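Here are some comments on the model, set out as numbered points for you to check against the coordinates. They begin with the buried residues of one helix and move from there to other parts of the fold.

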Amino acid sequence: MAYMNGNQQLMSQLAAEISKVIKGKQEAVRLILTALLAQGHVLIEDVPGVGKTTLAMALGRATGLAFRRAQFTPDVMASDITGFTMFDREENRFEYRAGLVMTNILLADEINRTSPKTQSALLEAMEEKRVTVDGVVHQLPSPFMVIATQNSQGYVGTFPLPEAQLDRFMIKISMGYPTVEEETGILLDRLGVNPVDEVRQVMTAEQLEECIGEVQRVQTADSLCRYIAELSAATRAHGGVELGVSPRASLAILQAARAFAYLDGRDYVVPEDIVRLMIPVFSHRIVLRQEMKLRRMDVTSVLQDAVSSVAPPVRRSL
């Protein structure tokens, strides 16, 4: 572990605070903090009841950022998310009434249970950090992050997210079931108060903004940028892939790698950072050919093939 400055130590404290209520999921905690520092969005997909919402709520409490939860159901409208304009008779003018998106962290809970029209209401907010309502642009607070949860595909009453929306999520996280020991700890914790209520704030919004600024100064060699481009190209050229990753995905893994290195106490990216992030950053952006699905091949094998086919740059001593 490299030497950590004061802000990097704060991020370690933040991870430890969240891990108090998310038992045994250090990798999930690390990934969501990576997205936070890289100013990206997170999609948490897994079966019901494994802590998806708890992770998002714990992050909101521990950072002290403005946090709002949108429970997505079939009757939720796009205007509930983006806001709407209403005529004020006293002022004799139209006024903007902010929607749930006007916050720092928006928890889009069970996003695939609402209609595609409502899902698409988040596209502009996620990409440009703003919403346009009746032709008027409204900037979102900074930092802004969407944490969307969804149950695995195939559950009754779900609407699969389109590729354009999936591409706007920097990282996809799968929680997984806890071990027996971890689940025992969860049960013991719940004998008293809800542990989420005990999560304390460990940093301010200003300190978080400082951390985000420091991530932008993490060094990335030119050879690593080419490495990312070659890995992305390898996913597009793979014979089993119908749709490979986009240039947006390449930018996402670059930013995520800088944040990942920062959490490690480094001010430089190494090839291992990129490889470790390929599954969470690339997997949800790849569409396999039908014959690959019939052969029970998955996206992980495609990414492994990509890593095997591209030689990493030689790391120079610093």
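1. In this predicted model, the buried residues of helix H12 pack against helix H2 (26-37), strand E9 (171-173), helix H10 (222-237), helix H11 (247-263) and helix H14 (299-309). The residues of H12 that count as buried are Pro-271, Asp-273, Ile-274, Leu-277, Met-278, Pro-280, Val-281 and Phe-282, a list that includes Asp-273 beside nonpolar residues such as Ile-274 and Leu-277. The length of the helix can be checked as well: at 1.5 Å a residue, the 12 residues of H12 (residues 271-282) should span 16 Å, and the C-alpha atoms at its ends are 16 Å apart, which agrees.

2. As to the fold as a whole, the protein has 14 helices and 11 strands. Its radius of gyration is 20 Å, close to the 20 Å that the globule rule gives for 318 residues, so the protein is as compact as a globular protein of that length. The C-alpha atoms fill a box of roughly 70 × 45 × 40 Å along the principal axes. Of the 318 residues, 50% count as buried, and the accessible surface comes to about 15500 Å², of which 52% belongs to carbon and sulfur atoms. Where contacts join residues at least 6 apart in sequence, 79% of them link residues at least 24 apart.

3. Which residues touch the most other members of the largest nonpolar core? In this core of 73 residues they are Ile-18, Ile-32, Leu-33 and Leu-37, while the largest share of the core, 11 residues, comes from H11. Apart from this core lies another, of 22 residues, with Leu-122, Val-146, Leu-161 and Leu-166 among them. Leu-37 deserves a look in its own right: leaving aside neighbours within four places in sequence, Leu-37 is in contact with Met-11, Leu-208, Cys-211, Ile-212, Val-215, Ala-259, Tyr-262 and Leu-263.

4. Gln-165 sits in helix H7 (residues 163-166), and with a relative accessible area of 1% this residue is buried. Does the polar side chain lie close to a backbone oxygen, and which one? A polar atom of the Gln-165 side chain lies 3.1 Å from the backbone oxygen of Gln-119. Not counting residues up to four places away in sequence, Gln-165 touches Ile-111, Gln-119, Ser-120, Leu-122, Leu-123 and Met-126, and of these Leu-122 is also listed in the core of 22 residues.

5. The peptide bond from Ser-142 to Pro-143 is cis, with omega near 0°, and both Ser-142 and Pro-143 are found in the loop between strand E7 (136-139) and strand E8 (145-150). Most residues other than glycine have a negative phi, and most peptide bonds are trans, so a reader may wish to inspect this bond. Ser-142 is exposed, with a relative accessible area of 56%. Leaving aside neighbours within four places in sequence, Ser-142 is in contact with Asn-104 and Glu-209, and its side chain makes a polar contact of 3.4 Å with the side chain of Glu-209.

6. Two residues other than glycine have a positive phi that should be looked at in the same spirit, Glu-110 and Asp-134, each with a value near 55°. Glu-110 lies in the loop between strand E5 (105-109) and helix H5 (116-120) and is partly exposed, with a relative accessible area of 23%. Asp-134 is placed in the loop between strand E6 (130-133) and E7, and at a relative accessible area of 61% Asp-134 is exposed.

7. Two separations involving Ala-306 may help with orientation. Ser-142 and Ala-306 are 164 residues apart in sequence and 36 Å apart in space, C-alpha to C-alpha. Ala-237 and Ala-306 are 69 residues apart along the chain, and their C-alpha atoms are separated by 9.2 Å. Ala-237 itself is in helix H10 and counts as exposed, at 67% relative accessibility.

How values were computed
Residues are numbered from 1 along each chain as its sequence is written. This is a predicted model: local features need pLDDT of at least 70, side-chain atom pairs count only at pLDDT 80 or more; totals for chains, interfaces and linings use all residues. Side-chain values use heavy atoms; hydrogens and water are left out. Helices (H or I, at least four residues) and strands (E, at least two) are DSSP runs, numbered from the N terminus. Buried means under 20% relative accessible area, exposed over 50%, partly exposed in between (1.4 Å probe, protein chains only). A polar contact is a pair of N or O atoms within 3.5 Å; within protein, one must be able to donate a hydrogen and the other to accept it, and residues adjacent in sequence count only if both atoms are side-chain atoms. Contact means heavy atoms within 4.5 Å. The expected span of a helix is 1.5 Å times one less than its number of residues. A nonpolar core is a set of buried Ala, Val, Leu, Ile, Met, Phe, Trp, Tyr and Cys residues joined through side-chain atoms within 4.5 Å. The radius of gyration is taken over C-alpha atoms; the globule rule is 2.2 Å times the number of residues to the power 0.38. Accessible areas come from the Shrake-Rupley method with a 1.4 Å probe; for residues, only the protein chains shown count as cover.
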